[in-house]
Amino acid sequence: MNRFPPDFIFGAATSAYQIEGAHDEDGRGRIGWDDVARDAAGRPLVENGDVACDHYHRFRGDIAIMKELGLQSYRFSISWVRIYPLGHGNINPKGVAFYNALIDELLENGIEPAVTVWHGDLPSVYDEIGGWKNRDVITHYVAYANTLFTLFGDRVKKWFTHNEPWCAAFLPAGSFSDQLQSAHNLLVAHALAVASYRAHPQGDGQIGIVLNLGKQYPASDDPLDLQAARNVDGFLNRWFLDPVLKGNYPVDMVDRYERAGHHFVICPGDMELLGKQPSDFIGINMYSRGIQAYDPDNQLLGAREVRDDAVRRTAMGWEICPESLYDLLLDVKREYLNIPVIIAENGAAFADEVIFDGQVRDDDRIAYFRDHLRFVSRAIAAGCDVRGYYAWSLFDNFEWGAGYSKRFGIVRVDYATQKRSIKESGIFYQNVIRLRAVE
Ligand code: BGC
């Protein structure tokens, strides 16, 4: 039995655009995903989140499911354009009413609301000015975050500023310098939001950021492979961990990027600000690991990912490597003064087998959760300060570029009827929470 400490929090996570639907209701503004091609009736020709899990209308029933599962906490994000349809300016009272009702219903059911300020759904008005690479977005984001602290901070005591700034900065097309600028602006926005929370009369809870991290291993003990893994670790992990937790960028990566001719602007005061706004915890989204080999053709990182076709993978093609979560947690403990950690997302998409009437047998997902939770428990035993774990995801939902084809839920959603069915992995997780242990 791998037991969890009494104050360890078990939850599940979602994000606004991936589940809410109701894209054109109650004054919601627009984000990029709303603008996919549509037929004459306005129906999207490409899958998007127009309807998703229709959670906007079904949240009370959804919270009843969370309660049945025994979730102690629910991590969700707020849709910026429901609060500020134009990104800033007038507040939309109907958007506020929705989140008030959601938060109150959670609390009435004994479930802690854990809120992500921003999870990938930037208002269109900011896409139009270049997105995060435009420094103006920082000011609007901080004003939006501060509005959330005012509106909901009396009841929400766990806040995550951004979800996965690496993805927000590096996945959109653009020059590498632009991507570095976006990353920097996201980090400054995070630090300003933390400062704003600490100064806020309702800022007596905890605040941190959610980073997508993955342990990088060298393909061999050849020093060149070791260096390759170190470089990719710098690109994916340390580029965000260091500024958030140490107040500076990793010097090896700064040199590397400069030598390759990539530049971004750091305004006076930015790094001091980052250094002065320690997060209460770090949220980690962990899905997989990487194995890196030296590659002289990759001028930037000198690395190439080695793909082993023999290993087990999820439906996303991501390698399943639970022990890498343990290694990652130990790295974070060692490098960052044992900062408290929340596993903010961990989970897997599989081709679920429906047995009858929506019932899903998902042994592979059960194994994924069981093995990762075991390594979380072992990391705690090894001294890591891990405070909680959120399964990704509570529901099958809109998996961004993969549309509805990839199912991550512990609860199945039949998109034609919106019927929810707890999968066997959901029952498994319910038992873990009840026993506070994993066998
Ligand atoms: C994101 C989620 C996404 C999940 C699976 C994370 O990167 O935060 O929005 O659905 O991974 O891809």
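## A walk from a buried asparagine to the ligand

At 3% relative accessibility, Asn 48 counts as buried, because the cut-off for that label is under 20% relative accessible area. Keep in mind as you look around that this is a predicted model. Asn 48 sits in the loop that links helix H1 (16-19) to helix H2 (55-69). What does the side chain of Asn 48 reach at 3.1 Å? Its partner is the backbone oxygen of Trp 33. Leaving aside residues up to four places away in sequence, Asn 48 also touches Tyr 17, Asp 34, Val 36, Arg 38, Phe 398 and Tyr 404, as well as Trp 33 itself.

Now turn to a charged residue. Is Lys 215 buried or exposed? With 17% relative accessibility, Lys 215 counts as buried, since the limit is under 20%. You will find Lys 215 in the loop between strand E6 (206-212) and strand E7 (216-218). The side chain of Lys 215 makes a polar contact of 2.7 Å with the side chain of Asp 331. Other residues that Lys 215 touches include Ser 288, Arg 289, Gly 290 and Asp 327. Along the chain, Lys 215 and Cys 321 are 106 residues apart, yet 9.8 Å separates their C-alpha atoms.

Next comes the nonpolar interior. In soluble globular proteins, nonpolar side chains tend to be buried together. Here the largest nonpolar core has 115 residues, and those touching the most other members are Tyr 141, Phe 152, Trp 159, Leu 373, Leu 394 and Tyr 429. Helix H8 (residues 176-199) gives the most to this core, contributing 11 residues. Apart from this core lies another, of 16 residues, with Phe 160, Ile 342, Ala 344 and Ala 348 among them. Leu 373 is a good residue to click on: not counting residues up to four places away in sequence, Leu 373 touches Phe 4, Phe 10, Tyr 389, Phe 428, Tyr 429, Val 432 and Val 438.

Finally, let us visit the ligand. Which residues are around it? Among them are Gln 18, His 119, Asn 163, Glu 164, Asn 285, Glu 345, Glu 399 and Phe 408. By class, this shell has 5 nonpolar, 4 polar and 3 charged residues. Three side chains here each place an N or O atom by a ligand oxygen: Tyr 287 at 3.3 Å, Trp 392 at 3.3 Å and Trp 400 at 2.9 Å. On its own the ligand has 310 Å² of accessible area, and the protein covers 91% of it.

Note on methods. Residues numbered from 1 in each chain as written. Predicted model: local features only at pLDDT ≥ 70, side-chain atom pairs only at ≥ 80, totals over all residues. Heavy atoms only, no water. Core = buried A, V, L, I, M, F, W, Y, C linked by side-chain atoms within 4.5 Å. Buried < 20%, exposed > 50% of the residue type's maximum accessible area, 1.4 Å probe, protein only. Helix = DSSP H or I, 4+ residues; strand = E, 2+ residues; numbered from the N terminus. Contact = heavy atoms within 4.5 Å. Near = heavy atom within 4 Å. Polar contact = N/O pair within 3.5 Å; in protein donor to acceptor, adjacent residues only side chain to side chain. Areas by Shrake-Rupley, 256 points an atom, 1.4 Å probe, with all protein chains shown as cover. Nonpolar A, V, L, I, M, F, W, Y, C, P; charged D, E, K, R; others polar.
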